[in-house]
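Could you open the structure in your viewer and keep the selection box handy? We will go from stop to stop, choosing what to select and then looking at what is there.

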There are 2 protein chains.
Amino acid sequence: MSSESTLLARLRHLATHPAARGLADDVAVLGDLVLTHDTIVEGVHYLPTDPPESVGWKLGAVNLSDLAAKGAVPSGALLSLTLRGDDQWEERFLSGLAQIFEHFELPLLGGDTVALPEGAPRVLGLTAIGKAGPSVPSRTGGQVGDRLWLVGPIGDSAAGLALLTDDPGATGLLVDTYRRPIPLLAVGALLAPHASAMMDVSDGLLLDARRLATASGCGLRVDLSALRLSPAFIAERGQHRAARLFAATGGDDYALLAALPPSFDPLTILKGTSVNIACVGELTGDGAFALADDFGPVPLPERLGYEHHPS
Amino acid sequence: MSSESTLLARLRHLATHPAARGLADDVAVLGDLVLTHDTIVEGVHYLPTDPPESVGWKLGAVNLSDLAAKGAVPSGALLSLTLRGDDQWEERFLSGLAQIFEHFELPLLGGDTVALPEGAPRVLGLTAIGKAGPSVPSRTGGQVGDRLWLVGPIGDSAAGLALLTDDPGATGLLVDTYRRPIPLLAVGALLAPHASAMMDVSDGLLLDARRLATASGCGLRVDLSALRLSPAFIAERGQHRAARLFAATGGDDYALLAALPPSFDPLTILKGTSVNIACVGELTGDGAFALADDFGPVPLPERLGYEHHPS
């Protein structure tokens, strides 16, 4: 047993309460509340050169994205803020956090501020609390035959990060998407009552889709050609197989992945909206992971996404 | 305006929801739930040489102490765990966390595990959620004439830390108290319905008592001679004025401080228990902070406790 699975086994041993959903989900469901906590680390989840405002925005966004995937309405948050004595950075960080809190009407309810030793990378945490809708889809409810619908473009954020890695001064739409992802709260709330399973895509579509399929006890078929890449992504990376594989494994997308019964067409409830949504595959009964595009089967890449944490 | 107060003003601007209690409290109160988040940092809140089990215990204890001060019953927690690739440390940390979770019947509901860059100090966060009792005393409700009751010994933890600073191999009761504080959940729940105001003493009695008095719009009188020091503390530090000032400003006590109306004697409901409780002062109408002992007035020390964070 790897150390990662030992750790996860130990955590699961503490998480026997039904509200924990066996730690198989990104959230806990306690009464009519949905709770999630995501932490971001300087140099791991964001670049030390990112504008502090965008770091504040991103901390809010990654947590709200977990609420979006459960169809929950944001009702409050607790902030864990580490201080390094750089008042200007901290001020600008809080103004970015304020921006996303105000945009999504998320009140700050409390939290903690602590000093960091000199030179330590910042660690920023948020607990977001939402009010559950009529149903809170887990990762585990997918059924054989369910269609997999992807909401939101993928690949833009990873392409933006690649641009910034080459040139820390890079700008443009892709960089903006990396720095300021948009949590898809409205669509999440619309889809949740119809979804057998739903999660946000944060570590790469292929990795997260496999997690959903595995948690649901299903196999998986994904069609790379069905991805709706953004014009900015296509202009930067093209849209051939390699570009599509890059998009499907890049991570940091904060898109939504919903398993919906074949009888339900989400376009009926999203008519008139400009939501980027596409059916990108289905859950299968054979336990395998089949990847294909218009030209035929595609070998699974070695890396399906970011496995930077064990749960 | 100092940078700390600018930061706090900015946070308060985000915290207009009544559940936030104006960030004047250590908890948020959302419906019948009490929520708190405390973060501890290696080298700031614990020693890098502390046994990992005790760090896990302490992370649980500091959060449960906030629930205790509000009379709440623990109902679940979300863990933010940073990993540095030291499997053995992390395993031992989790076993200490498991110990306190099991002791106080606190189920793990979820959270996040993230990788840290090499060499970064660990930052460990916990969001604890409790069920509110019949009333949730804040810091702000104290009334002129209320008696200040202190539950639990103070000074032991600071004396333990001083021993460890001199000799990292030190052992004994004081060191144990520093490493494994006991959250006073049962007494907290008994006192909460009677308290005008209550909080836990984590940054030093004098500092926290002043915070309670200020939040309540009152002055304050504290009698150092009334402190019930533990035998282990007295053996190490004595019980003269200097020792009592050390105990009253040391911090890390996780004792409870309750403002109770003079008509209510807490000993009536604590009869037959072995709780360490003493009346150590009162809230006054003159806005001043008067410190005294059996020998007369005591000048306020320059440092009342640990002001290591702005809220």
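The tour below starts where the chains meet and then visits single residues and a helix. Please keep in mind that this is a predicted model.

**Stop one: where the chains meet**

Colour chain A and chain B separately, then select the residues of each that touch the other chain. You should pick up 59 residues of chain B, in contact with 59 residues of chain A. Between them, the two chains bury about 4900 Å², and 71% of that area is on carbon and sulfur atoms. In chain B, pick out L14(B), L108(B) and L109(B): these lose the most area to chain A, together 14% of what that side buries.

Now turn to the charged and polar pairs. How many salt bridges are there between chain B and chain A? The count is two. For one to look at, show the side chains of R10(A) and E91(B), which form a salt bridge at 2.6 Å, N to O. Polar contacts between chain B and chain A come to nine residue pairs, with both residues at pLDDT 80 or more.

Next, switch to a cartoon of chain B and see which elements supply the side that touches chain A. At least two residues each come from α1 (3–13), β1 (28–30), β2 (33–41), β3 (73–83), α3 (87–103), β4 (108–115) and β5 (123–131) of chain B. Which of these gives the largest share? That is α3(B), with nine residues. If you colour this side of chain B by residue type, you will find 32 nonpolar, 19 polar and eight charged residues.

**Stop two: an annotated trio in chain A**

Select D26(A), D66(A) and D200(A), where UniProt places the feature "binding site" in an unreviewed entry. These residues are spread over 175 residues of sequence, yet they cluster in space, with a largest C-alpha distance of 8.8 Å.

Centre on D26(A), in the loop between α1 (3–13) and β1 (28–30) of chain A. Its relative accessible area is 22%, so D26(A) is partly exposed. Leaving out residues up to four places away in sequence, D26(A) touches L35(A), T36(A), D66(A), R139(A) and D200(A), so two of the annotated trio appear among its contacts.

Move on to D200(A), which sits in strand β7 (residues 197–201) of chain A. Is D200(A) buried or exposed? D200(A) is buried, because its relative accessible area is 2%. Show its side chain and that of S65(A) to see a polar contact at 2.7 Å. Beyond four places in sequence, the residues that D200(A) touches include D66(A), A69(A), D208(A), Y254(A) and L256(A).

**Stop three: a second annotated trio**

Stay in chain A and select H45(A), D252(A) and Y306(A), which the UniProt annotation "binding site" (unreviewed entry) covers. They span 262 residues of sequence, but cluster in space: the largest C-alpha distance is 10.9 Å.

D252(A) is in the loop between α9 (241–249) and β9 (255–260) of chain A. With a relative accessibility of 17%, D252(A) counts as buried. Setting aside neighbours within four places in sequence, D252(A) is in contact with K58(A), S157(A), Y178(A), S202(A) and D203(A).

For Y306(A), look in the segment after β12 (296–297) of chain A. Y306(A) counts as partly exposed, at 37% relative accessibility. Residues up to four places away in sequence aside, Y306(A) touches D203(A), L207(A), R211(A), G250(A) and G251(A).

**Stop four: a lysine in chain B**

Select K70(B), in the loop between α2 (52–68) and β3 of chain B. K70(B) has a relative accessible area of 1%, so this lysine is buried. Follow its side chain to the backbone oxygen of P137(B), which it reaches at 3.0 Å. Contacts of K70(B) beyond four places in sequence include D25(B), V27(B), V34(B), R139(B) and M198(B).

**Last stop: helix α7 of chain B**

Finish by selecting residues 205–215 of chain B, helix α7. This helix is mostly covered, with eight of its 11 residues buried. To highlight the buried ones, choose L205(B), L206(B), L207(B), D208(B), A209(B), R211(B), L212(B) and A213(B). Then step along to G217(B), which follows α7(B) and has a positive phi, near 70 degrees.

Note on methods: Residues numbered from 1 in each chain as written. Chains lettered and ligands numbered in written order. Heavy atoms only, no water. Contact = heavy atoms within 4.5 Å. Buried area = accessible area lost by both parts, 1.4 Å probe. Salt bridge = Lys/Arg side-chain N within 4 Å of Asp/Glu carboxyl O. Polar contact = N/O pair within 3.5 Å; in protein donor to acceptor, adjacent residues only side chain to side chain. Helix = DSSP H or I, 4+ residues; strand = E, 2+ residues; numbered from the N terminus. Nonpolar A, V, L, I, M, F, W, Y, C, P; charged D, E, K, R; others polar. UniProt positions renumbered as here; feature names shortened; annotations may be inferred. Buried < 20%, exposed > 50% of the residue type's maximum accessible area, 1.4 Å probe, protein only.
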